[in-house]
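Subject: Structure handover

Hi,

Here is the structure I promised to pass on. Please open it alongside this email. My notes follow below.

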Amino acid sequence: MARNYTLASVNDGFGSQYLKRMGGFALCAIDRRYNYVHTPIRHLDRLPQEWVPILNDFIGIPDNNHGKKIHIRQAIYRNAHKFPDKFFNETVMGMLRKYYWTTGKPEDCKTEICIHIRRGDLHHKHKRRRDLMAWAHNRLSPNVYYKEAIPKILKDFPNESITIHTDGKPEEFEEATTDWEQSLKDRVFWCYSADVRRAFHDMVSCKRLFLARSSLSFAAGLLNVGKEIYFQNGPANQQTGTPLSFWKNWSIYEE
């Protein structure tokens, strides 16, 4: 008889909690000794409590926790993130995509390319105890990285435009765009601190997705069906450290 298995993390952000649940779901889909019992998100880091039911509905996985005895409860199933090709295969992701599309979504991304620039929760302004950890800030790519890479991306795709999602502020990126020609600036649409559903769905629905070292864009990359996902090298946590084998790499634009 299969043992009931659930993932229940507590204070992470939306992307981290969703990605962890994807990992637990994948384990149970692959190993029939386990039956996945979905425990909804209870709390969200950096979002008010009223967002909890909204984002539980957004991911579409039904709550089947009530009245069931849980045999195994974990905060993360690490092997899913260590061996993503095995666990996040097309069968598993087909199931998770089906759940995702069962509930309402924003309009699809209006540009062909979407880039996630991580700032928010690992910002240089210390707000929480964990923000003081020096290693965390290494997961932020500096503005010069994007200043040099984005023009190269647009040169490679001359008929396409870019949507950039970030929790940063416009003034933080002035140094990145100062030397760009106006014709280039006109093809880049900045979205600052957008509704997380819009940001996430833009990443899911775009043709080409350029990840940050973040669980939010990594989870969106798993769901994205455009199949052109660019992984960003550099310091990462275990959840976001290993890409799927068919993903491309930002390094193409780093030379």
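Which residues in H1 meet which residues in H5? Keep in mind that this is a predicted model.

On the H1 side they are Tyr18, Met22, Phe25, Ala26, Ala29 and Ile30. On the H5 side they are Val92, Met95, Leu96, Tyr99 and Tyr100. This contact is made up of 11 nonpolar residues, with no polar and no charged ones.

Now the geometry of that pair. H1 covers residues 14-30, and H5 covers residues 90-100. Their axes lie 10 Å apart and the packing angle is about 130 degrees. Angles from 115 to 145 degrees fall outside the perpendicular and antiparallel ranges, so H1 counts as oblique to H5. The crossing of H1 past H5 is right-handed.

H1 also touches the sheet. It lies across S1 and S2, and it runs at about 140 degrees to S2.

The sheet

The sheet is open and has three strands. Their order is S2-S1-S3, and the pairing is parallel. Which strands stand at the edges? They are S2 (34-36) and S3 (72-74). Each has a single partner strand, so one side of each has no neighbour in the sheet. On average, neighbouring strands here are turned by 30 degrees against each other, direction ignored.

Look at S1 and S2 in the viewer. S1 takes in residues 3-7 and runs parallel to S2, joined by three bridges. One bridge to find: Tyr5 has Tyr36 in S2 as its partner. As a reminder, strands of a sheet pair through backbone hydrogen bonds.

A second helix pair

Next, go to H10 (residues 196-205) and H11 (residues 215-223). How do they cross? Their axes come within 8 Å, at an angle of roughly 45 degrees. That angle makes H10 oblique to H11. H10 passes H11 in a right-handed crossing.

The contact is easy to pick out by residue. H10 brings Val196, Phe200, Met203 and Val204. H11 brings Leu216, Ser217, Ala219, Ala220 and Leu223. The split here is eight nonpolar, one polar and no charged.

To recap the two helix contacts: H1 with H5 has no polar residues, while H10 with H11 has one. Neither list holds a charged residue.

Best wishes

Terms used. Residues numbered from 1 in each chain as written. Predicted model: local features only at pLDDT ≥ 70, side-chain atom pairs only at ≥ 80, totals over all residues. Heavy atoms only, no water. Pairing = 2+ DSSP bridges. Helix = DSSP H or I, 4+ residues; strand = E, 2+ residues; numbered from the N terminus. Axes fitted to C-alpha atoms, helices over the stretch in contact; angles between N-to-C directions. Contact = heavy atoms within 4.5 Å. Parallel < 35°, antiparallel > 145°, perpendicular 65-115°, else oblique. Left-handed = near helix turned anticlockwise from the far one by under 90°. Nonpolar A, V, L, I, M, F, W, Y, C, P; charged D, E, K, R; others polar.
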